[in-house]
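Reader: Could you take me through this structure feature by feature, giving the general idea before the particular case?

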Amino acid sequence: MSLESEKEEKAVEALMSAALRPFEKEISDEAIQEFFDSDCTISVEGKAALERLCDDPLCNIKPHQNPQEPALEVMGDYAAMHRSLALNEVDEKTDEELERKRQEILKRIRERRRKTE
Amino acid sequence: MPSEITDETDLDIEVQLGLLGTDAEKRESIRLLYLRYRERLMCWLERAVSFIPVDEVATAINDAFVEIYTKAVANELNVDRPLRPLIFTVAYRRAVDGVRKRSARQKKDDEFAQEIGIALHGSDVGSAWRTCCSEDLAERVSTEFRAFVRTLPQKQKLVAEAMADGIVTDPEIVKDIYRRRREVVSAVEVKGAKQALKKKFREILNKKGIR
């Protein structure tokens, strides 16, 4: 192979390497949306690889113990001393109040999102 | 938190709320996000890093969600920002880290780019590339080539993985594959794989007007 053609071969290999290399980058939401809009079908091997793993990525991670959030079993008897219901039960009024608060928060988040869009 | 939410906007809101909540709520949010995105992440990463084995992609996806959970627990997660780019970026980095860890050369992106620039300097292909090159064209060439690599047999994918590290000779590729994957690929097989890769790559370049 002549020096000239060797140089050209190397140049093609260099471009090929660059095309294969996974460069460090941030993935934008636009790029993701473009991908979602394209025809993306998972491969049979890819699906099988995911199925070999647990459905919960945290299945091998112990629950985090937050000191601000006492464990239920410690709190159990103490917290339920004045209650007629079991620890995991709430009366109807409390349930309604919780749902009302929850809807309030959801509304706030929706409004904030609408403003930012 | 409902365990099955089909509407994407409602899921976003539920997940945002959950990530701000108790540990159990954070965990449930992560699980919902994982179930929602894992297949699309697999599909996307298979396209982005075409030579990586699927089991490694699956592990990278899993690890990405563990990382996001850890951030949520440490209150380092800004749930007001869209989660999707974060999930995809973390999963991509995990997959790329896995590839780089096995590399003997451990080249940084700028070192790599410099090496490519030197190889292109003074060549016809290099001049043609400089004339037509744009970020968009480079991305299209790369996407098409990676799609081809995905269709190759495993041994040829291993050659592609070694080549993604820069310019390497055939004997270096043989050694590199054994070091990375403990797989024996002969020099003849490497030569054949390189020829197949180059042939296809030239076709793509020609199609894009780079000769």
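The dialogue below turns to confidence, the interface, burial in helices, the nonpolar core and some backbone angles.

Reader: Before reading any detail, what is the average pLDDT of chain A, and where in chain A is confidence lowest and highest?

Author: Where pLDDT is low, the predicted coordinates should not be read in detail. This is a predicted model, and chain A averages a pLDDT of 78, with 73% of its residues scoring at least 70. Within chain A, confidence is lowest in helix H4 (residues 72–79), where the mean is 50, and highest in H3(A), where it reaches 94. Over residues 70–74 of chain A the pLDDT is below 50, and this stretch has 2 contacts in the model beyond near neighbours in sequence.

Reader: Which secondary structure does chain A have, and what percentage of its residues count as buried?

Author: Chain A has 5 helices and 0 strands, so that, by the way such runs are assigned, its pattern along the sequence reads α-α-α-α-α. Of its 117 residues, 16% count as buried.

Reader: How many residues of each chain are in contact with the other, and which helix of chain B gives the most to the side that touches chain A?

Author: On the side of chain B, 61 residues are in contact with 47 residues of chain A. Helix H2 (residues 23–48) of chain B gives the most to that side, with 14 residues. By character, the residues of chain B that touch chain A divide into 38 nonpolar, 9 polar and 14 charged.

Reader: Which residues of helix H3 of chain A are buried, and what do they pack against?

Author: The buried residues of helix H3 (residues 44–51) of chain A are A:Gly46, A:Ala49 and A:Leu50. Because they cover an arc of only 95° around the axis, they lie on the same side of H3(A). On the other side of H3(A), A:Val44 and A:Glu51 are exposed. The buried residues of H3(A) pack against two helices of chain B, namely H2 and helix H3 (54–73).

Reader: Why do the buried residues of helix H6 of chain B lie on the same side of that helix?

Author: In helix H6 (residues 124–132) of chain B, the buried residues are B:Val125, B:Gly126 and B:Trp129. They cover an arc of only 100° around the axis, which puts them on the same side of H6(B).

Reader: How many residues of helix H8 of chain B are buried, and which are they?

Author: Helix H8 (residues 154–163) of chain B is mostly covered, since 7 of its 10 residues are buried. Those buried residues of H8(B) are B:Gln156, B:Leu158, B:Val159, B:Ala160, B:Glu161, B:Ala162 and B:Met163.

Reader: Turning to the largest nonpolar core, which residues touch the most other members?

Author: In soluble globular proteins, nonpolar side chains tend to be buried together. Here the largest nonpolar core holds 73 residues, of which B:Leu45, B:Val57 and B:Ala91 touch the most other members. Leaving aside residues up to four places away in sequence, B:Ala91 touches B:Leu41, B:Leu45, B:Ala60, B:Ile61 and B:Ala64.

Reader: Is B:Gly98 buried, exposed or partly exposed, and which residues does B:Gly98 touch?

Author: B:Gly98 is found in helix H4 of chain B, and B:Gly98 is partly exposed because 17 other C-beta atoms lie within 10 Å, where 20 or more would be needed for a residue to be buried. Not counting residues up to four places away in sequence, B:Gly98 touches B:Glu56 and B:Ala60. B:Gly98 and B:Ala60 are 38 residues apart in sequence and 7.9 Å apart in space, C-alpha to C-alpha.

Reader: How should phi be read for B:Asn75 and B:Arg182, and where are these residues found?

Author: Most residues other than glycine have a negative phi. For B:Asn75, phi is near 55°, a positive value in a residue other than glycine, and B:Asn75 is found in the loop between H3 and helix H4 (83–101) of chain B. B:Asn75 counts as exposed because it has 8 C-beta neighbours inside 10 Å. For B:Arg182, phi is also near 55° and positive, and B:Arg182 lies in the loop between helix H9 (170–181) and helix H10 (187–207) of chain B. With 7 C-beta neighbours inside 10 Å, B:Arg182 counts as exposed.

How values were computed: Residues numbered from 1 in each chain as written. Chains lettered and ligands numbered in written order. Predicted model: local features only at pLDDT ≥ 70, side-chain atom pairs only at ≥ 80, totals over all residues. Contact = placed C-beta atoms within 7 Å. Helix = DSSP H or I, 4+ residues; strand = E, 2+ residues; numbered from the N terminus. Nonpolar A, V, L, I, M, F, W, Y, C, P; charged D, E, K, R; others polar. Buried ≥ 20, exposed ≤ 12 C-beta atoms within 10 Å, placed from the backbone. Arc of directions from axis to C-beta. pLDDT = per-residue confidence, 0-100. Core = buried A, V, L, I, M, F, W, Y, C linked by C-beta atoms within 7 Å.
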